[in-house]
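Hi,

Here is the structure I promised to send over. Have a look at it first, then read my notes below with it open next to you.

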Amino acid sequence: MGALGHFLEREGIPTAGISLVREHTEIVRPPRALWVTFELGRPLGKPDDAPFQARVLRAQLDMLARTDGPLLVDYPEEVEGEVDLSGWACPISLAPQPSDTLDAEVARLATWYDRAVAARGRTTVGASGLDMPAAAALVTGALEGALPPAQTLKLAVDDLRAFYLEAASAFPDPGTSKTRIAWFWDETLLAKALLRLQPKLAASDDKQHKLLASLTLIPATERHRLGGST
Amino acid sequence: MVRRLSELPEVEARHLSPDRVKCPTYDDTPLLPGKPLGQRRVAIISTAGLHKRGDRPFDRDDGSYRVIPAETPAGELVMSHVSVNFDRTGFQQDHNVVFPIDRLRELVADGTVGSMASVHYSFMGAFPVDAAQPHAKHLAGLLKADKVDAALLVPV
């Protein structure tokens, strides 16, 4: 992000950026950066909190008046941590049956996904261009047979993940985003499939499969699960 | 919440370590003067790997950008960032937490900001710097053609 500030400002476009990792910005030294302590993935701080977002945006815009940089301004507001709901239990039983399949799990979630889309009026699913049964079939096929191209698999997996988490947000007691992510990794067949797929990708001769296995399939915070799953 | 890397759990701190991320360095930093905010035309440049549904998804080491016209409905925005190491549920809940176009529109409406660009853009932030530079140079020309004189850089 900081590099773009250098590029654009040098080409004649004034810039003001947000910094999510202060240590990176201290090295790159872009023209103007507002350091925020928000979670990665939430540069404006709080979803569905327009006044909060507006204050962050205004602080970012106000830096444009300054030419005494490189500027690295600490934004004063923080987002309080979510309430600990470690005792939260998913109200929708997705406990796998002995003969359960990924397809069946996707089908069970479809009604909740539809409710989430209706409530929000939008979905973020769709980068792969696949419908969810086809994406699930791609994952199952990758586990049971030949691996598809890494990029095809990656987009299908990301769409499935978004589908699951959007669906879970419409559960009767949806918990928090943290508990829903924990639910995804603790309880779903899809997560188990991804953890089983990782070593197969790592063992592939294809460099892109190996990169998918090592970097962009399983989040760093969940990789501890790989040991017991292989 | 991300404070200093030293305060993060080890697995996350290691993942974000500047040594691993290979942050670029520059000998100097240009800072351009400009008009008062109320006369500026502002564009959003995201690095969240955003694009319209149906546009070409981002791929590994992709330094190019995607075009997001200002009138793009929120429901058309999807994300194909290669990284899995950031929260996506915020974006799923409210696109403005990543791409604050409605907030910018409000600031234009109340006169705080002069006007909004007709087109916004997104890169995919995990790009190698050399791969993005020619695209950024091209983008600067497009922004000037749209009379943009301020770019809001929003990471993910």
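Before the details, one term: two strands pair if DSSP finds at least two bridges between them. Please also keep in mind that this is a predicted model.

Let's use that term straight away, in chain B. Strand β1 of chain B (residues 41-46) and β7(B) run parallel and are joined by five bridges. If you want one spot to click on, take Ile44(B), whose bridge partner in β7(B) is Leu152(B).

Now stay with β7(B) for a moment. Are its residues buried or exposed? Five of its five residues are buried, so the cut-off is worth knowing: a residue counts as buried if 20 or more other C-beta atoms lie within 10 Å of its own. In a regular strand, side chains alternate between the two faces of the sheet. You can follow this in β7(B): Ala150(B), Leu152(B) and Val154(B) point one way, while Ala151(B) and Leu153(B) point the other way.

Next, hop across to chain A. Which strand of chain A pairs with β7(B)? That is β1(A), residues 15-19, and the two pair in the parallel sense over three bridges. Here Thr15(A) stands opposite Ala151(B). β1(A) is mostly covered too, with five of its five residues buried. Thr15(A), Gly17(A) and Ser19(A) point one way from the strand, and Ala16(A) and Ile18(A) the other way. Inside its own chain, β1(A) runs parallel to β2(A), residues 32-35, and three bridges join them. The bridge partner of Ile18(A) in β2(A) is Leu34(A).

That strand pair is part of a wider contact between the chains. How many residues of chain B are in contact with chain A? There are 75, and they touch 73 residues of chain A. Several elements of chain B each supply at least two residues to that side, among them α4 (101-109), α5 (129-145) and β7 (150-154). The largest share, eight residues, comes from α5(B). By residue type, the side of chain B that touches chain A divides into 44 nonpolar, 16 polar and 15 charged.

There is also a helix pair to look at. Two packed helices are described by the angle between their axes and the distance between the axes. For α3(A), residues 50-62, and α4(B), the axes come within 10 Å and cross at roughly 75°. The two helices are therefore roughly perpendicular to each other. Ala50(A), Gln53(A), Ala54(A) and Leu57(A) meet Arg103(B), Leu104(B), Glu106(B) and Leu107(B) there. The residues of this contact divide into five nonpolar, one polar and two charged.

Last, the layout of chain A. Its domain assignment gives domain 1 (2-74) and domain 2 (102-229). The centres of these domains, taken over C-alpha atoms, are separated by 32 Å. For a residue to try, pick Ala65(A), in the loop between α3 and β3 (71-74) of chain A. Ala65(A) is partly exposed, with 15 other C-beta atoms within 10 Å. From Ala65(A) to Ser177(A) is 112 residues in sequence and 37 Å in space, C-alpha to C-alpha.

Happy browsing!

Methods
Residues numbered from 1 in each chain as written. Chains lettered and ligands numbered in written order. Predicted model: local features only at pLDDT ≥ 70, side-chain atom pairs only at ≥ 80, totals over all residues. Contact = placed C-beta atoms within 7 Å. Helix = DSSP H or I, 4+ residues; strand = E, 2+ residues; numbered from the N terminus. Nonpolar A, V, L, I, M, F, W, Y, C, P; charged D, E, K, R; others polar. Axes fitted to C-alpha atoms, helices over the stretch in contact; angles between N-to-C directions. Parallel < 35°, antiparallel > 145°, perpendicular 65-115°, else oblique. Buried ≥ 20, exposed ≤ 12 C-beta atoms within 10 Å, placed from the backbone. Domains from an automatic or database assignment.
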